[in-house]
Amino acid sequence: SDLPAAEKHLLAALQLLEKVGDAATEVRCLTYLVVLYRRKHDVLRMNQYLPRLLKSATGTQMKEYIAAGEANAAWQAWREGRVTEAIAASQPIADIWHQSPLVYPFQWLVLWTLVAAFMQLNQWAEATTYAQRMLSPRLQAMPSELATELENGINAWQGGQTDRARQHFLAAIEGAMAQGYL
């Protein structure tokens, strides 16, 4: 989460990769530059690299990274208030990653979007399902305060405490936004 250092190293790596022509590593570098700018809330810079990521990932047929690019585009749709569009774009990505025999650890890229979007639509079961997926020990661990709020929201929902579940999910969403996950 040292975003300034990561940015410096990723930009330097991208320059080197452009010279040597390592397409697969360039896709990975572009992916994490897009993620970095999303985490920094720098949508302008994210949009500078996102089309290039999608083109490169498609050209190399790196499905996990195509999905990562599309997940960031779906997040942007959600951020712009296009909730149903964000859900329609996000669910296939979540399914690809969930069903893949290889674990893509950064599934939060799409799962946070789904939790937030379904919360906006008051579709609790769906929000809870995606929150549960995000807490899988096979995925990148969320900061403890976010994980705790998600766990409390899931438990409250499963216990029939809708208002309490909403409070916890909203606190998780606020925290995720503040930390650049959403």
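I will call a residue buried when its relative accessible area is under 20%. The model I am showing is a predicted one, and I will come back to that cut-off twice.

Start with the whole chain. The protein has nine helices and zero strands, so the order of elements from the N terminus is simply α-α-α-α-α-α-α-α-α. Its radius of gyration is 17 Å, close to the 16 Å that the globule rule gives for 182 residues, so the protein is as compact as a globular protein of that length. Along the principal axes, the C-alpha atoms fill a box of roughly 55 × 30 × 30 Å. Of the 182 residues, 47% count as buried. Taking contacts with a separation of 6 or more, 62% are between residues 24 or more positions apart.

Now to one helix, α7, which covers residues 124-134. Which residues of α7 are buried? They are W124, A127, T128, Y130, A131, R133 and M134. As for their surroundings, these buried residues pack against four helices: α5 (83-99), α6 (108-120), α8 (144-158) and α9.

Let me take α9 from that set. Helix α9 runs over residues 162-178, and its axis is 12 Å from that of α7, with an angle of about 45° between the two. That angle makes α7 oblique to α9. The crossing of the two helices is left-handed. On the α7 side the contact is made by W124, T128 and A131; on the α9 side, by T162, A165, R166 and F169. By type, the residues of this contact are four nonpolar, two polar and one charged.

The spacing of such positions has a plain reading. An α-helix has 3.6 residues a turn, so residues three or four places apart point the same way. Back on α7, the contact residues W124, T128 and A131 also appear among the buried ones.

Last, a single residue elsewhere. L54 lies in helix α3, residues 43-60. Is L54 buried or partly exposed? Its relative accessibility is 24%, so L54 counts as partly exposed; the cut-off for buried is under 20%. Leaving out residues up to four places away in sequence, L54 touches I66, G69 and E70. How far apart are L54 and Y37? They are 17 residues apart in sequence, and in space 16 Å from C-alpha to C-alpha.

To sum up, this is a protein of nine helices and zero strands, with α7 packed obliquely on α9 and L54 partly exposed in α3.

Terms used:
Residues numbered from 1 in each chain as written. Predicted model: local features only at pLDDT ≥ 70, side-chain atom pairs only at ≥ 80, totals over all residues. Heavy atoms only, no water. Axes fitted to C-alpha atoms, helices over the stretch in contact; angles between N-to-C directions. Parallel < 35°, antiparallel > 145°, perpendicular 65-115°, else oblique. Left-handed = near helix turned anticlockwise from the far one by under 90°. Contact = heavy atoms within 4.5 Å. Nonpolar A, V, L, I, M, F, W, Y, C, P; charged D, E, K, R; others polar. Rg over C-alpha atoms; globule rule 2.2 N^0.38 Å. Buried < 20%, exposed > 50% of the residue type's maximum accessible area, 1.4 Å probe, protein only.
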